[in-house]
Amino acid sequence: MKPVRIGIAGLGTVGCGTVRVLERNGDEISRRAGRKIEVTRALVKDASRLRDCPLTGIELTTDSRDLIEDPEIDVIVELMGGDDAARDLVLKSIARGKHVVTANKALIAVHGNDIFENARQHGVMVAFEAAVAGGISIIKVIREGLSGNRVNRLAGIINGTSNFILTEMRVGGREFADVLSDAQRLGYAEADPAFDVGGIDAAHKLTILASIAFGIPLQFDKVYTEGISNIRPEDVEHAAQLGYRIKHLGIAARVEGGFELRVHPCLVPEKRLLANVDGVMNAILVEGDAVGPTLHYGAGAGAEPTASAVVADLVDVVRALTTDPENRVPHLAFQSGRLSDVPILPIAKIQSAYYLRLNALNRPGVLADITRILGNLDISIQAIQQKGNGDHEAVLPIIIVTQMTREENMDQALAQLGELQTVVGEIIRLRLENLEWD
Ligand code: NAP
Ligand code: HSE
């Protein structure tokens, strides 16, 4: 059978990883796919740059039309990243009847509804396994493996760079900026690392996971998003003393009245499986009503782990080239037109436990004032510690762990605590998930 011809847009970390995997495992891949897969063209910004992969048989170009308009190319693999150029390439390729594979979570989370509608109209596939959790096949697991379940909730470490930074801060006592530059050198970070440390990359991924888990449209703008840049070494240490680890989690849950979609740093009891996922590794806990809790673990970023997912998508596309376009696995798991309009709740309505760190004057009655404010708002305290044995009137940190409460109660409590004359400076609030379902 004639080989399937591929045009790759982007020959950076993931693009080169993909070319290397296709080259190294070519025979095995074609035995799985039923046809040989050949990369014939690659789109780059700077054609004179040295590449970290073999370029035999690949014509480099800086003009996207050379890929889009090449009638010999069956599949476009978009590995450039970014927004406008990627969207333009993908939509034009779909309009020409080409299938698309992409690792671009920003593109899918923000423009996916439109892209999938275009793909449906033109009878082509848009595959995006590599967009979430690097090498873990979590899209396939939720969309296909768990399709008999009503998915109730999922929680995951879905940004490798943030997990790498938090791990190195905890284990190696290293500085944030220093670890981030390592993550960039190792090819884990986004072109703009603010997407990683600001939680945006994880919010893109959570948008996609929630959509396929719950059968809702992609709604990136509804995800509550907080990154790790405010995590201080002292909080990592206090959390450890209390038996917790700080992890950056994406959480999606079906709750009364809607769905929770949130991305933020979180204290997790150190005995939980997710608390022990370190470095660039990702893990996603998914609970279905039939299967119960399931945990999916693997490398969340990097050239070849991500290429593993890109190539798996390519194999799926190649296998599907001969099947009925009306009867393929739907892009967002549920049939188009059957997506639900149940609302996503604002962060104020979520329920969580909390870790608070505040600095207060060492004066009689301070703890009583704090506990009264929390008590009046129906917030129960699980643990409270005043650190140090400083002099009268010295400023000492107070660490509080609460039971579950509503975020809006905690917002009010923080406002009132901030007004106490004895409380000095910023109050640190981190959410805490006991994850008793893992
Ligand atoms: P990268 O190393 O920065 O590579 C980007 C490539 O795209 C480069 O080859 C660049 O060309 C090319 N490019 C960028 N903009 C272009 C444009 N407008 N026209 C033509 N070529 C353009 O990025 P990456 O880390 O491989 O990431 C690629 C995508 O995969 C992103 O969407 C990212 O979010 C996603 N992803 C990355 C990882 C990871 O671990 N890195 C994991 C999962 C998903 P030049 O080389 O000539 O500059
Ligand atoms: N920058 C992303 C991360 C790449 O660190 O998880 C994988 O999507």
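A crossing of two helices is left-handed if the near helix is turned anticlockwise from the far one by less than a right angle, and right-handed if clockwise. With that in hand, let us look at this predicted model, in which local features need pLDDT of at least 70, side-chain atom pairs count only at pLDDT 80 or more, and totals for chains, interfaces and linings use all residues. Residues are numbered from 1 along each chain as its sequence is written, chains are lettered from A and ligands numbered from 1 in the order in which they are written, and side-chain values use heavy atoms, with hydrogens and water left out.

**Two helices that cross**

Helix α1 (residues 13-24) and helix α12 (residues 303-320) cross in a right-handed way. Their axes come within 8 Å and meet at roughly 65°. Here helices are DSSP runs of H or I with at least four residues, numbered from the N terminus; axes are lines fitted to C-alpha atoms over the stretch in contact, with angles from 0 to 180 degrees between N-to-C directions. On the α1 side the contact (heavy atoms within 4.5 Å) includes V14, V21 and L22, and on the α12 side A307, V310 and L314 are among the residues involved. Sorted by class, this contact has eight nonpolar, four polar and three charged residues. In this scheme Ala, Val, Leu, Ile, Met, Phe, Trp, Tyr, Cys and Pro are nonpolar, Asp, Glu, Lys and Arg are charged, and the others, Gly among them, are polar.

**Two ligands**

Ligand 1 has 24 residues around it, with D46, R51, K105, E190 and G302 coming nearest; a residue counts as near when one of its heavy atoms lies within 4 Å. That shell holds ten nonpolar, eight polar and six charged residues.

For ligand 2, the surrounding residues include K105, Y188, E190 and D201. Helices α7 (160-171) and α10 (200-214) each give at least two residues to this shell, which divides into three nonpolar, four polar and five charged.

The table lists polar contacts, meaning pairs of N or O atoms within 3.5 Å.

| Ligand atom | Protein partner | Distance |
|---|---|---|
| Ligand 1, oxygen | R51, side-chain N or O | 2.6 Å |
| Ligand 1, nitrogen | G187, polar backbone atom | 2.9 Å |
| Ligand 2, oxygen | K105, side-chain N or O | 2.5 Å |
| Ligand 2, nitrogen | E190, side-chain N or O | 2.7 Å |

Taken alone, ligand 2 exposes 260 Å², of which the protein buries 94%. Ligand 1 alone exposes 900 Å², and the protein buries 82% of that. These areas come from the Shrake-Rupley method with a 1.4 Å probe.

Terms used. Polar contact = N/O pair within 3.5 Å; in protein donor to acceptor, adjacent residues only side chain to side chain.
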